[in-house]
Amino acid sequence: MNAPNNAAPSKTRSRLQLLLVAAFFLGSFGIAASLFFGGWKPSQTRNIGEMLDPYPDLRTLALKRADGSDWLWQPAERNWHVVFVAPEGCGEPCAQMLVALQRVWVSEGRHAERLKVLWFGEVPAGAPGFAGLVPMQPSVALAEKLPDTARPDALPAYLADPNGYLVLRYAPGFNPSGLRKDLGRVLK
């Protein structure tokens, strides 16, 4: 007498389980791909700053430090950069901005060494100096790449990645704690 053949139902069940796992994986991938290629974007992101689109590329600009030496982007060092363009004769608003940026730099603690504040224009007299502050010469080419060139009284700040792309904009009158939160995510 032959024993009942239980191998066939077991084999079928294993194949069905494999197909079910493949369908779950490929189905979620298919949904994600259709959303991405369909142009869907989330209505809210975790960033506090406004994401720039497209990212202005600063690597092509001949940027100079205040002492006249060339500024070179060093992607291997993984430094992030706060970019601020001080309008001519800014005075007290720029002094307050520099104090706020110094506080943001200090608040990064052990990660502060990977944050540079590129200050384009005259550094206010009596303003605090700190290790992350890099005074820069004003740059017309940079001002042309920034979205706020039409308003010289505006005092926005920008966040540039280690490669030299501006990625986030902080509107005039921004809360420095938002910049600090965004930096906390990228400096880890």
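Biologist: In which loop is the place of A86?

Modeller: A86 sits in the loop that joins β2 (80–85) to α2. The model is a predicted one.

Biologist: Why does A86 count as buried?

Modeller: The relative accessibility of A86 is 12%. A residue is called buried under 20%, so A86 meets the criterion.

Biologist: Which residues does A86 touch, leaving out those up to four places away in sequence?

Modeller: With that exclusion, A86 is in contact with C94, W119, F120, G121 and E122. For P124, which is 38 residues from A86 along the chain, the separation of the two C-alpha atoms is 9.4 Å.

Biologist: What makes β3 mostly covered?

Modeller: Of the six residues of β3, five are buried. β3 covers residues 115–120.

Biologist: How do you know that β2 and β3 pair?

Modeller: Two strands pair if there are at least two bridges between them. β2 and β3 have six bridges, in the parallel sense, so the requirement is satisfied. Within this pairing, V83 is opposite L118 of β3. The route from β2 to β3 passes through α2, and the resulting β-α-β crossover is right-handed.

Biologist: How many bridges join β3 to β4?

Modeller: There are four, and the two strands run parallel. One bridge places V117 with L133 of β4 as its partner.

Biologist: What makes the span of α2 agree with its 16 residues?

Modeller: The expected span is 1.5 Å times one less than the number of residues, which for the 16 residues of α2 comes to 22 Å. The C-alpha atoms at the ends of α2 are 23 Å apart, and therefore the two values agree. After α2 comes G109, with a positive phi near 55°.

Biologist: Which elements do the buried residues of α2 pack against?

Modeller: They pack against β2, β3, β4 and α4 (176–186). The buried residues of α2 include C94, L98, L101 and W105.

Biologist: How many aromatic pairs does the count come to?

Modeller: The count is four. One of them is formed by W71 and W73, with ring centres 5.8 Å apart and planes at 90°.

Biologist: Why is the pair of W71 and W73 called edge-to-face?

Modeller: Ring centres must lie within 6.5 Å for a pair, and planes over 60 degrees apart count as edge-to-face. The 5.8 Å and 90° of W71 and W73 satisfy both conditions, so the pair is edge-to-face. W71, at 10% relative accessible area, is buried, and W73 is likewise buried at 14%.

Biologist: Why is the pair of W105 and F130 called tilted?

Modeller: Their ring centres are 5.4 Å apart and their planes stand at 40°. Stacked planes are under 30 degrees apart and edge-to-face planes over 60, so the angle of 40° makes this pair tilted.

Biologist: Why does the pair of W105 and F130 tie together parts that are apart in sequence?

Modeller: W105 belongs to helix α2 (residues 92–107), whereas F130 is in the loop between β3 and β4, so the pair links parts 25 residues apart in sequence. Both W105 and F130 are buried.

Biologist: Why is S139 called buried?

Modeller: The relative accessible area of S139 is 18%. The limit is under 20%, so S139 is buried. S139 is located in the loop between β4 (133–136) and α3 (140–145). Residues up to four places away in sequence aside, S139 touches L63 and F120; F120 is also among the contacts of A86.

Technical notes: Residues are numbered from 1 along each chain as its sequence is written. This is a predicted model: local features need pLDDT of at least 70, side-chain atom pairs count only at pLDDT 80 or more; totals for chains, interfaces and linings use all residues. Side-chain values use heavy atoms; hydrogens and water are left out. Buried means under 20% relative accessible area, exposed over 50%, partly exposed in between (1.4 Å probe, protein chains only). Contact means heavy atoms within 4.5 Å. Rings of Phe, Tyr and Trp (its six-membered ring) pair if their centres lie within 6.5 Å; planes under 30 degrees apart count as stacked, over 60 as edge-to-face and the rest as tilted. A crossover is right-handed if, with the strands pointing away from the viewer, the path from the first strand over the helix to the second runs clockwise.
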